[in-house]
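This note sets out points for a colleague's reading of the structure shown below. Please consult the sequence and the coordinates alongside the text.

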Amino acid sequence: MSSATIDACSLPLRSRLCDCASWKALLAHHRAIDPVDLRAAFHAEPGRVARCTTTGAGWTLDWSKQLMQPTTMGLLLELARERQVPERFAAMLAGARLNWTEGRSVLHTALRAPASATIEVDGRNVVPQVYDTLQRMARFATALRTGAWLGATGERIRHVINIGIGGSDLGPAMAYQALQPWRTRELDCRFVSNVDGNDLTAALDGLDPAQTLVIVCSKTFTTQETMENASSARAWLVSRLGEAAVGRHFVAVSTNEAKVRAFGIDPDHMFGFWDWVGGRYSMDSAIGLSTMVAVGPERFGELLAGFHAMDEHARTAPVASNLPVIMGMIGAWNASVLGLPALAVLPYEQLLARFPAYLQQLLMESNGKRVDDHGEPVSWPTCPIVFGEAGTNGQHAFYQMLHQGTTIVPIDFIAFRTAAHPLGRHRLLLNANAIAQAQAFAFGRTGDEVRAEGTPEALVPHRTFPGNRPSSFLWADALTPSSLGALIALYEHSTFVQGIVWGINSFDQWGVELGKSLAIDVIRALDGASPSAAHDASTAELIRALGAQAT
C-alpha cells in the first residue's frame with residue numbers, strides 16, 4: 001500500500017454516512033420491505049440458510065434469522081464498499097494513524113503477527129519489539145510455572161494477583177475463565193479491578209504473602225484505581241515480609257520505568273506495550289502476562305495464532321464472504337436502520353461467562369460516540385447497549401423480556417459442538433437449548449398454534465410468542481485457545497467495520513475522561529477541603545453526606 005493511500009485513510013472520510021448513495025438506497029430498501037416476517041421469508045426461500053451461512057478461521061455464522069430479505073445483504077455490502085471498509089482495514093494493518101484524534105496507529109494485529117512480518121510505525125518495524133516482549137514474558141511465565149522463581153523467603157509462588165482495570169482486567173479475567181481446561185494446577189490467579197476495598201480484600205483473603213506475586217497493569221503507572229489497589233497490596237506484603245520483599249513479589253506491565261522503580265520493582269521485571277495498542281485491544285500484549293502464566297507460553301501462542309487466523313481471514317476474504325464485514329454490517333443494519341437499541345450476547349458455554357462483559361467494553365467504548373469524524377453530531381444510532389449471560393442461566397433471568405417484551409433485541413448465540421469437559425448428556429442438552437431458543441425467537445408461536453394445544457382462550461394472548469426476534473448463530477467445533485483468539489478478533493474487526501460505516505473513531509475513548517477528571521476535585525473535598533464553588537448543589541450535598549463516612 002502506498003504512503004499516499006495510508007495518509008488518505010488516516011484522515012476523516014470525505015463524505016458523511018447520510019450523504020452516501022448506498023446508505024440512501026438502503027433506507028429506501030428498508031421502507032419498501034418493512035416489516036420482514038421470518039416465517040414467510042423461510043417459506044419463500046428454501047435455500048436461505050445456505051445463502052446466509054459464512055465461515056472463516058474455524059467459525060461458522062448462520063445469519064439466516066436476521067430481519068432481512070434476499071437483497072438486503074447485497075445493499076449492506078455495497079455500503080461497506082462505498083465506506084471503504086477494505087481499504088481502511090488494509091490501512092490499519094499498514095500502520096496508518098486511524099486513531100487520528102490521538103495521533104496514534106492502531107496495530108493490535110501486530111501483537112499476533114508472525115515473527116517474519118514487517119509492520120512499520122514511523123519507519124520502524126515493530127514486530128521485533130513484540131517478539132522480544134513475548135520472549136521475556138515466556139521466560140518469566142516458565143520460571144513461575146516451574147518453581148524456578150522463588151519469593152523473598154525462598155518459597156514457591158502459588159498465587160498470582162492481577163491488578164488492573166478496564167482492558168487491563170476484562171480481557172485477562174475473561175481468558176482465565178475461558179481457558180480453564182489448560183490452566184496449570186500449580187498456580188491460582190485472581191483478578192482485582194474495583195477501587196472498592198472489598199475487591200482487593202477478597203482477592204487476598206487466605207493468601208500467604210510469601211507465596212503470592214502481584215502483577216500491576218498500568219501503562220502509565222498512574223491509573224487511579226489500579227495504583228490504589230497496588231499500594232494497598234504492597235502495604236499488605238510489606239507488613240509481613242518487609243520492604244526488601246517487594247522486588248520478588250511484584251512485577252509491572254507498564255512503560256513508566258521511573259514510577260515502576262520508585263514502587264520497588266526492578267525494571268528488568270517490567271513488561272511494556274505501546275501507544276498503538278488500545279487498552280481494550282491489549283489482552284494479547286504484555287497485559288496477557290497472567291494468561292500466559294496460567295496456560296503457559298505454548299497455549300498462549302495458540303491463542304495468538306487464533307487471533308492471527310481471523311486477522312488473515314479479515315484481510316483476504318472477499319467482502320461477500322468476510323465474517324467480520326458481514327457481522328459488522330448486520331450490527332449496523334440492526335442498530336442504524338431498524339433502530340434496535342441493544343444486543344444480547346448469549347454464549348452457550350459456561351467457560352465464556354465473562355465474554356459478554358468483555359464485549360461491553362470492546363463494543364461500547366469503541367463505538368459509543370455521538371459525533372462523527374467531522375465533529376458533527378450523528379443523526380443515526382451507533383453502538384447498541386451490549387449485555388448477556390451464559391446459557392442456560394440467562395433463560396431463567398431476562399429471556400422473558402427478549403421473547404415477549406416490547407423492545408426487540410437482536411441476539412448473538414455462541415455455541416460449540418464439543419465440550420472441554422465431556423459429561424453425560426450435558427453438551428447435548430446445552431446445545432439443544434441454544435438451537436431451540438434461536439428457533440423460538442425467530443418463529444414464535446401463533447395464537448392458533450396455542451389454541452390447537454387446548455389452551456383456554458383467556459390464556460391464549462399470554463402464551464402467544466410474536467417471534468421475529470432477529471438472531472445470529474455463531475459456532476465452532478470446540479472452545480480452545482485458538483478458537484477463543486479467533487472469536488475475539490472477529491468481534492474486534494466487526495466493531496471496526498461498524499465504526500467505519502458510521503464514520504466515527506472506534507479507537508479513542510474521550511468519554512471516560514470527564515468523570516475521572518471531576519473525581520479529582522471530589523476526592524479533595526472528601527479529604528476535607530471545602531467543596532469547589534463549581535460543584536452543583538446536589539454534588540456538594542453528596543460530598544457532605546458521604547465524606548463523613550468515607551474510610
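The numbered points below concern a predicted model and take up its sheet, its helices and several individual residues.

1. The sheet. Six strands make up an open sheet with mixed pairing, and their order is E1-E2-E13-E12-E10-E11. Strand E1 (53–56) and strand E11 (385–388) occupy the edges; each has a single partner strand, so one side of each is left without a neighbour in the sheet. On average, and with direction ignored, neighbouring strands are turned by 20 degrees against each other.

2. Pairing around E13. Strand E2 (residues 59–62) runs antiparallel to E13, and four bridges join the two. Within this part of the sheet, Asp-62 is placed opposite Phe-473 of E13. E12 and E13, by contrast, run parallel and are joined by six bridges. Phe-416 has Ala-476 in E13 as its bridge partner. Five of the six residues of E13 are buried, so this strand is largely enclosed by the rest of the structure.

3. Pairing at the E11 edge. Strand E10 (residues 342–347) pairs with E11 in the parallel sense, over four bridges. The bridge partner of Ala-344 in E11 is Phe-387. As for what lies against the sheet, helix H18 (residues 426–443) packs on it and touches both strand E12 (411–416) and strand E13 (471–476). The direction of H18 makes about 155 degrees with that of E12.

4. A cis peptide bond. The bond that joins Gly-391 and Thr-392 is cis, with omega of about 10 degrees. Thr-392 belongs to the loop between E11 and helix H17 (399–404). Most peptide bonds are trans, and most residues other than glycine have a negative phi. This bond therefore merits a reviewer's attention, being cis in the model.

5. Two residues with positive phi. Where do the two residues Asp-122 and Phe-221 lie? Asp-122 is in the loop between strand E3 (120–121) and strand E4 (124–125), while Phe-221 is in the loop between strand E7 (212–217) and helix H10 (224–241). Although Asp-122 is not a glycine, its phi is positive, at about 55 degrees. Phe-221 is likewise a residue other than glycine, with a positive phi near 60 degrees. As to surroundings, Asp-122 counts as exposed, at 66% relative accessibility, whereas Phe-221 is buried, with a relative accessible area of 4%.

6. Helix H7. The 20 residues of helix H7 (residues 127–146) should span 28 Å at 1.5 Å a residue, and the end C-alpha atoms are 28 Å apart, which agrees. Among the buried residues of H7 are Val-127, Val-130, Leu-134, Met-137, Phe-140 and Leu-144; Gln-129 and Thr-133 are also buried. Gly-147 follows the helix and has a positive phi, near 90 degrees.

7. Packing of H2 on H15. At what angle do helix H2 (residues 21–33) and helix H15 (residues 323–337) pack? The angle is about 70 degrees, and the axes are 12 Å apart. H2 is thus roughly perpendicular to H15. The crossing of H2 past H15 is right-handed. On the H2 side the contact is made by Trp-23, Leu-26, Leu-27, His-29, His-30 and Ile-33; on the H15 side, by Trp-333, Ser-336 and Val-337.

8. Asn-229 in H10. Is Asn-229 buried or exposed? Asn-229, whose place is in helix H10, is buried, with a relative accessible area of 3%. Its contacts, leaving aside neighbours within four places in sequence, are with Ile-163, Val-192, Ser-193, Asn-194, Val-195 and Leu-200.

9. Tyr-176 in H8. Tyr-176 lies in helix H8 (residues 170–178). Its relative accessible area is 12%, so Tyr-176 is buried. Not counting residues up to four places away in sequence, Tyr-176 touches Arg-183, Leu-187, Asp-188, Cys-189, Phe-191 and Ala-294. Thr-118, 58 residues from Tyr-176 along the chain, has its C-alpha atom separated from that of Tyr-176 by 31 Å.

Key:
Residues numbered from 1 in each chain as written. Predicted model: local features only at pLDDT ≥ 70, side-chain atom pairs only at ≥ 80, totals over all residues. Heavy atoms only, no water. Pairing = 2+ DSSP bridges. Axes fitted to C-alpha atoms, helices over the stretch in contact; angles between N-to-C directions. Contact = heavy atoms within 4.5 Å. Buried < 20%, exposed > 50% of the residue type's maximum accessible area, 1.4 Å probe, protein only. Expected span 1.5 Å × (residues − 1). Parallel < 35°, antiparallel > 145°, perpendicular 65-115°, else oblique. Left-handed = near helix turned anticlockwise from the far one by under 90°.
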